Amino acid sequence: MSTERDSETTFDEDSQPNDEVVPYSDDETEDELDDQGSTVEPEQNRINREAEENREPFRKECTWQVKANDRKYHEQPHFMNTKFFCIKESKYANNAIKTYKYNAFTFIPMNLFEQFKRAANLYFLILLILQAIPQISTLAWYTTLVPLLLVLGVTAIKDLVDDVARHKMDKEINNRTCEVIKDGRFKVAKWKDIQVGDVIRLKKNDFVPADILLLSSSEPNSLCYVETAELDGETNLKFKMSLEITDQYLQREDTLATFDGFIECEEPNNRLDKFTGTLFWRNTSFPLDADKILLRGCVIRNTDFCHGLVIFAGADTKIMKNSGKTRFKRTKIDYLMNYMVYTIFVVLTLLSAGLAIGHAYWEAQVGNYSWYLYDGEDDTPSYRGFLNFWGYIIVLNTMVPISLYVSVEVIRLGQSHFINWDLQMYYAEKDTPAKARTTTLNEQLGQIHYIFSDKTGTLTQNIMTFKKCCINGQIYGDHRDASQHNHNKIEQVDFSWNTYADGKLAFYDHYLIEQIQSGKEPEVRQFFFLLAVCHTVMVDRTDGQLNYQAASPDEGALVNAARNFGFAFLARTQNTITISELGTERTYNVLAILDFNSDRKRMSIIVRTPEGNIKLYCKGADTVIYERLHRMNPTKQETQDALDIFANETLRTLCLCYKEIEEKQFAEWNKKFMAASVASTNRDEALDKVYEEIEKDLILLGATAIEDKLQDGVPETISKLAKADIKIWVLTGDKKETAENIGFACELLTEDTTICYGEDINSLLHARMENQRNRGGVYAKFAPPVQEPFFPPGGNRALIITGSWLNEILLEKKTKRSKILKLKFPRTEEERRMRTQSKRRLEAKKEQRQKNFVGLACECSTVICCHKAIVVDLVKRYKKAITLAIGDGANDVNMIKTAHIGVGISGQEGMQAVMSSDYSFAQFRYLQRLLLVHGWWSYIRMCKFLRYFFYKNFAFTLVHFWYSFFNGYSAQTAYEDWFITLYNVLYSSLPVLLMGLLDQDVSDKLSLRFPGLYIVGQRDLLFNYKRFFVSLLHGVLTSMILFFIPLGAYLQTVGQDGEAPSDYQSFAVTIASALVITVNFQIGLDTSYWTFVNAFSIFGSIALYFGIMFDIHSAGIHVLFPSTFQFTGTASNALRQPYIWLTIILTVAVCLLPVVAIRFLSMTIWPSESDKIQKHRKRLKAEEQWQRRQQVFCRGVSSRRSAYAFSHQRGYADLISSGRSIRKKRSPLDAIVADGTAEYRRTGDS
Amino acid sequence: MAMNYNAKDEVDGGPPCAPGGTAKTRRPDNTAFKQQRLPAWQPILTAGTVLPIFFIIGLIFIPIGIGIFVTSNNIREIEIDYTGTEPSSPCNKCLSPDVTPCICTINFTLEKSFEGNVFMYYGLSNFYQNHRRYVKSRDDSQLNGDSSALLNPSKECEPYRRNEDKPIAPCGAIANSMFNDTLELFLIGNDSYPVPITLKKKGIAWWTDKNVKFRNPPGGDNLEERFKGTTKPVNWLNPVYVLDSDPDNNGFINEDFIVWMRTAALPTFRKLYRLIERKSDLHPTLPAGRYSLNITYNYPVHYFDGRKRMILSTISWMGGKNPFLGIAYIAVGSISFLLGVVLLVINHKYRNSSNTADITI
């Protein structure tokens, strides 16, 4: 992965993006790293190092002092910081980590405090307090307390479970052990007891417990290999190397125990790749940098043991400093929901105020004369009205649904579990199930507009395989037998004749093997010999097994292919290379390695054969090779055709050529080469010029074609998502050609797509800016924004923008310059004003331009570009669209965090993308299921849930409102207090929760088959302000029916036995029963997926209502608590009456029939996509056999895309020629063929 | 490089852990619930299901409505307003508080005889028995015979909690405002001497109220002794233990009191006052003829524009006269039927227009 980093090394310093603009800076950090590394050449190593040593370290920053083996030193009073009044704490954290929030004593107060920070909970707390005031208490205290306790309890339990898990994990980690020097000896100690200044010993495969300075290791030069997957997700090993002095003197236990070095370094920070400090020891100072520091979270590899000095421990370590920075993401529906709750709040206040005025009026007109209401207080009607305002706030408080937030949380938690449990997102090969790492974003998955995808490792497997080749104009690699006959079904080529074959290459062209073995065409052998010799791969032999370490996977694939075809690269030293040529080992002298860089796009090697001939072998991108070919090359045209064919098959191509060099010519050139190598200025350019001189008049051998293997199902997934109107942007640092290639491979681009490149866009944007300026554009803020399309309508368009163009387009360069300008201190006021003005103007221009760019890009169906986070941020900012970013590597972390939803590809060893993601799974193709199935379901569930929730609370609460017109606006409730208490908690909660968890309008198969369904979510069609008000209206109408039909029945009625006509308690029971039946049947109507659980819960809720009511109204409970349960006997007496049942039935029917009618009408007249699919579900099920139409590839030869099969990092040439890392002894590397790293070179350089 | 440091990931993410746990995979369980394929019924509102519902509801509701309507119309009911605000009313004299006791007589005629049991109600209008302040002003513990609550009534009863330092029994505004008119009914036969009609006092309250909710305080046989230490409500003429001579209908379990304490839902209400039981199957309970109603007028309602009524009514299987429900049923039934027809037409019109053809794939 590291080799395909999406950053452009070709940038000059100026074109780098500005840190100020990008919220995070990891992309840039890598750029800086690369630049740093590439500017150092081997010859200058020594000089550079000396220069570095002489340089004054950043004194002012270095305030962190560590003394080895001296714990007392760090306990000195001036290292203490005052924490509270007199409690002092050392500024050196100890190594125990604490991620938990509560302990046994603090749990209840802290958790309650946290919970009451939420507005909704606080609101109910205030209500509870209001209820305690006797003048305005209209409801019994328990009506709010019981639901509130329930809500708080559920949340508290969830928090408790989480925290217990954290406690456990902390404990597990804190109790890991390692060896620490104590009293002159290494003793086993727990991690939590490690302190700053301790000298520790780590063994192979140990986790590094703190940030330590590497002192020495078992390896030569005190090298130490670490795996940093925890930190940056890169699986390749990195080299760390200690100072020479510590390597020399600190190998033994007794010397380590007496080590008394003193370190001054920077304060703890979160820059993983930066460290500055100085070691003072033996009266000398030594500079320290990040290459000598092992960070907490790394794993020691291939190093038997190493020793280190703890510099930062526990909370000061870089990995811990990095934690807790997660952005709190919230969904669109969250925001909407909050606004709706505020709306309801306003409605509540208005209603209460209206009713309070009504009450004041009523008191003045009627109440004052009603002697039976005398309450001994001489309050004026207006004061009574004022009290009643609060009384109504309490009575109507259920309009703001108390259990809304907790129910939403429960539903989302359930959805997340369904994602975790999904077998179809489980990747058996790596035993990785999908994981919802955040449980708060699920329904947002159903609303994605833009997907930003990383390429390497996400769309592709990052496995390069040798697929085809063209040798001497002849194409090899199709399915055919030894006699050149093509077969569709042919066995894989058997490589068993070759002892070095790794048996992993799948190749089907038996004829090529035949050719190699017969040796009829010498070019064939020479072709593979070239592959075996011309590269910068490092080899490592363990138990006769060859392991290659390549700078790029392409190169690794080629060398590996050569090895399988009988030309195995066996060993190299500083200036020799050993090849096994079909069994015979031969050693060649390497005279020069003309390394790859992204400008040259080629590499060459000059070797002297054992026979004494000098030969140059070169491989590179076709464009550069063809320029340098000898005029007489018979196979030029055939190879060109072959390249076209390969490119059409989206293979990555590379041209191979060679030439013979005469001794004299070489000697001459070598002189120039040597001179250029030691040039102190512009060495790179000088070398390039020298290389150019020898790399000419080449003889073409052929071309290779490497497949950058896509992950399974990528094109299908992309086309599916495209049908769901999701726009896919591939973010990659590849060259234009490679990017285009991959675009075609994933079917993002097709033949009829118009592709626009950076320059086209730039000119379009320029034109647009001109236009806008002419109209008063940038500065006329009040002019209506011109929204005209950039492109004529119709047609498929795609953008391909490389990093440098993107910078150009977004004016990043110019801001950088302005920043440099700013460094000069403005002298006069005038100047300062001018400067701020011009800065503002520039900002405005930039913003306008960015807006235009986003507008333009969004008109295209596909965009391939780089610079991840900034692009994501731009779209998020200017398009107000929901974005999803998917990636696997450390360089994707930024965009994953920036996007509304971040998805990490898990299963690779690298954890960082996953750790910062919201969802993770192993394969890109699972994205379609995540969005189209889980996203869609979560969205409809959440929307239905919210709509119903608001409805049911309005239907419930507003009955009080209607009733108030008949009771003198006295805030008398229409229900029994216990019913109010339990309605939201017991009688109406379970069915809607279950619907929110289980509902599905169409099955997963159908929702994958009809991605068009998804558009509904993107456009917010199922839940928006209109839907919300419709729900409220539905609730209002229902409450009217619920009140007025029983009212009509009660105006003048008596019981069957003549007793207790139209008493308040029977009335309350009638309305409550009708309400419970209505809302439960209503949820039944809303549920489109009736499982037995749903049915059980709906009828169970109704049964529960009656059961509890009969209990509460029973004689027994009244005898025990006569004042608390006042409705004794009401249920049994009222529900004995047929007319009450008739009233309930009528009410329920009137509430539900119109709903049925309206639903039926809208389904008949304006059926939605989902309705149609549901209607024809059976028929669709019948045609099970459905297959994606195979899109035929027929692209003309004209559209040839030559790609070069190098990733844009330099090879290992420096390392090889310097000879530093070619070691005699080497422990087995358990990783990594074809996944090389630039770290080799960096280590070598430092 | 911001990252979310999660200790757990460090534990299970690291390859150095020995590959011992290979036997246990993280493969999710293949159960119907976890894979979200629980067997389910997916109802859709098709014409085949919706239209019959409307027709059936229409067909059921209309006969029910007609039944209720007819039953309700067969109920005999007579209502006599005796508020006396009109000067012509015999009770007009009683409006002045000076006349005590004030007895007035109203004569009326039953055109048709009342068969079966006849129920005598008093009705009040514009009387907000459902006002919050009023509804809560009672102490159910006291009414339930709790002796501590008897002597120390709930605060809710204020300002009718104590009078002259003695706890009021029964406390609260509801009890205090108990209806205290006495109604008597006489049949004026051919003789000039009116025949009194037997009015039954008992059996007018819910069984649960009489036997569970309302209980006299415990103590000796003498009711007066049981209520010792309490005083009568301010507006009452007599203490609670002399409401009736029958010990089974006295004190808190006096049925007139219980009926009053069951507050009404709406400001216009009736309460059962007396029962007139059928004597024999042959004779109507109240034969057609002239009657006179004797009222001992105590209860003032004209201050708040209230009305007082006496109602005589027979009863059917579904209670008293109630035209609303019958009409509502007929109306809803008819609308449902009509809606069925309308939907049928609309469905017919749109039936052919929705095919799978226009599902966008």
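**Exercise 1. List the residues with which α4(A) and α5(A) meet, then sort them by class.**

Step 1. On the α4(A) side, look for N121(A), F124(A), L125(A), L127(A), L128(A) and Q131(A); they meet T143(A), T144(A), L145(A), L148(A), V151(A) and L152(A) in α5(A). Contact here means heavy atoms within 4.5 Å. Helices (H or I, at least four residues) and strands (E, at least two) are DSSP runs, numbered from the N terminus.

Step 2. Now sort them: eight are nonpolar, four are polar and no residue is charged. For the classes, Ala, Val, Leu, Ile, Met, Phe, Trp, Tyr, Cys and Pro count as nonpolar, Asp, Glu, Lys and Arg as charged, and the others, Gly among them, as polar.

Before you go on, a word about what you're looking at. This is a predicted model, in which local features need pLDDT of at least 70 and side-chain atom pairs count only at pLDDT 80 or more, while totals for chains, interfaces and linings use all residues; side-chain values use heavy atoms, with hydrogens and water left out. Residues are numbered from 1 along each chain as its sequence is written, and chains are lettered from A and ligands numbered from 1 in the order in which they are written.

**Exercise 2. Work out how α4(A) and α5(A) are oriented.**

Step 1. Find α4 at residues 119-131 and α5 at residues 142-174 of chain A; they pack at about 150°, and their axes are 9 Å apart. Axes are lines fitted to C-alpha atoms, for helices over the stretch in contact, and angles run from 0 to 180 degrees between N-to-C directions.

Step 2. At that angle, α4(A) is therefore roughly antiparallel to α5(A). The cut-offs: under 35 degrees is roughly parallel, over 145 roughly antiparallel, 65 to 115 roughly perpendicular, and the rest oblique.

Step 3. The crossing is left-handed. That word applies if the near helix is turned anticlockwise from the far one by less than a right angle, and right-handed applies if clockwise.

**Exercise 3. Describe how α5(A) packs with α30(A).**

Step 1. Helix α30 covers residues 977-987 of chain A, and it packs with α5(A) at about 20°, the axes being 8 Å apart.

Step 2. So α5(A) runs roughly parallel to α30(A), and their crossing is right-handed.

Step 3. Y142(A), T143(A), V146(A), P147(A) and L150(A) of α5(A) make the contact with D977(A), W978(A), I980(A), T981(A) and V985(A) of α30(A). Class by class, you get seven nonpolar, two polar and one charged.

**Exercise 4. Do the same for α12(A) and α29(A).**

Step 1. Helix α12 (residues 404-421) and helix α29 (residues 926-964), both of chain A, pack at about 160° with axes 11 Å apart.

Step 2. The two helices are therefore roughly antiparallel, and α12(A) passes α29(A) in a right-handed crossing.

Step 3. Among the residues in this contact are L404(A) and F418(A) of α12(A), plus L930(A) and F950(A) of α29(A). The contact divides into eleven nonpolar, four polar and two charged residues.

**Exercise 5. Track down the unusual backbone spots at P159(B), P170(B) and D431(A).**

Step 1. Start with the rule: most residues other than glycine have a negative phi, and most peptide bonds are trans.

Step 2. In chain B, a cis peptide bond joins E158(B) to P159(B), with omega about 0°. P159(B) sits in the loop between α5 (147-151) and β5 (162-163) of chain B.

Step 3. Another cis bond runs from A169(B) to P170(B), with omega near -10°. Look for P170(B) in the loop between β6 (166-167) and α6 (173-176) of chain B.

Step 4. D431(A) isn't glycine, yet its phi is positive, near 55°. You'll find D431(A) in the loop between α12 and β16 (435-436) of chain A.

**Exercise 6. Check how confident the predictor is in each chain and in the complex.**

Step 1. Chain A has a mean pLDDT (the predictor's confidence in each residue, from 0 to 100) of 79, and 83% of its residues reach 70 or more. Over residues 814-823 of chain A, pLDDT is below 50.

Step 2. Chain B averages 84, with 91% of residues scoring at least 70.

Step 3. For the complex, the predictor gives an ipTM of 0.92 and a pTM of 0.80.
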